[in-house]
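Follow the chain with this walk-through in hand. It takes up helix packing and then backbone angles.

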Amino acid sequence: MRKKIVAGNWKMNLRLEEGLKLANDIIAFVKEHPLKSLKGKPEMILFTPSVHLSSVATAVGQTEGVSAGAQNCHNQPKGAYTGEISAEMIQSAGATNVLVGHSERRSYFGEKDELLAEKTKIALEYGLRPVFCCGEVLDERNEKKHFDVVRKQLETGLFWLSEKEFSKIVIAYEPVWAIGTGVTATPEQAQEMHAFIRQLIKEKYNSQTAENTTILYGGSCNAKNAAELFANEDVDGGLIGGASLKADEFCAIIKSF
Ligand code: PEP
């Protein structure tokens, strides 16, 4: 059975002490409500700013089902890339996940799928689990190009991986028009795209790989709308931005399966 995941993307928010408090509040919740006792036995990932990563990963420690992740990594292993962080640094900080291709990286930092393929590769080399983000902008949806856009993102970014490598990937479908806007994709829109992505995986790899791939929805998902999104067959959880910054709200989302 594929994994259910609720992941929080803290983006560029929170001072270190605030981030640690948030992580500790979430950990306290998980100690009281072990994730394996919740419906779907979900996992949690905390994608923190890179300066918080080591502290949060240490706080998470061996808490079952909870792990830390970085929001980005460089495509090169090391060297003269001032201001960047490498996959090895993320791994050495105790984190086990990395976001690849978040729409804000694509739009503000010009990251293209060819580069994201290299980031995915190096993340896997250092034993990290890439959460690969894809999704269309509003004009592309209005012009009915959203399926083509997502297909191309996955083909270039991921579909060159071997089946074994691909089995370590989590995909996050995040329609860009829904990120941080308060406009959520309808459950039908989310399910339609998730089913499409799963079908692409089936065509590229096989049914078993498609069945086992976790596909998260992201875009203004919160404690109020998570249940109706997660109720869809192909929606395996969420990548949560704004609503991941409050422990109560984030923990309410994990109970939405
Ligand atoms: C995100 O940043 O990945 C995201 C989905 O943000 P929000 O939940 O705030 O829309």
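**Two helices and two loops**

Helix 7 and helix 9 lie oblique to each other, because their angle falls outside the roughly parallel (under 35 degrees), roughly antiparallel (over 145) and roughly perpendicular (65 to 115) ranges. That angle is about 40°, and the axes are 11 Å apart. Axes are lines fitted to C-alpha atoms over the stretch in contact, with angles from 0 to 180 degrees between N-to-C directions. Contact (heavy atoms within 4.5 Å) involves His 146, Phe 147, Val 150, Arg 151 and Leu 154 of helix 7. Helix 9 contributes Glu 192, Met 193, Phe 196, Ile 197 and Leu 200.

The model is predicted: local features need pLDDT of at least 70, side-chain atom pairs pLDDT 80 or more, while totals for chains, interfaces and linings use all residues. Numbering starts from 1 along each chain, and side-chain values use heavy atoms, without hydrogens or water.

Helix 9 covers residues 187–204. Its 18 residues should span 26 Å at 1.5 Å a residue (times one less than the residue count), and its end C-alpha atoms are 26 Å apart, which agrees. Its buried residues (under 20% relative accessible area, 1.4 Å probe, protein chains only) include Met 193, Phe 196, Ile 197 and Leu 200.

Now the backbone. Most residues other than glycine have a negative phi. Lys 11 has a positive phi of about 50°. Lys 11 sits in the loop between strand 1 and helix 1, and is buried at 19% relative accessibility. Ser 220 has a positive phi near 55°. Its loop joins strand 7 and helix 11. Ser 220 is buried too, at 16%.

Note on methods. Helices (H or I, at least four residues) and strands (E, at least two) are DSSP runs, numbered from the N terminus. Buried means under 20% relative accessible area, exposed over 50%, partly exposed in between (1.4 Å probe, protein chains only).
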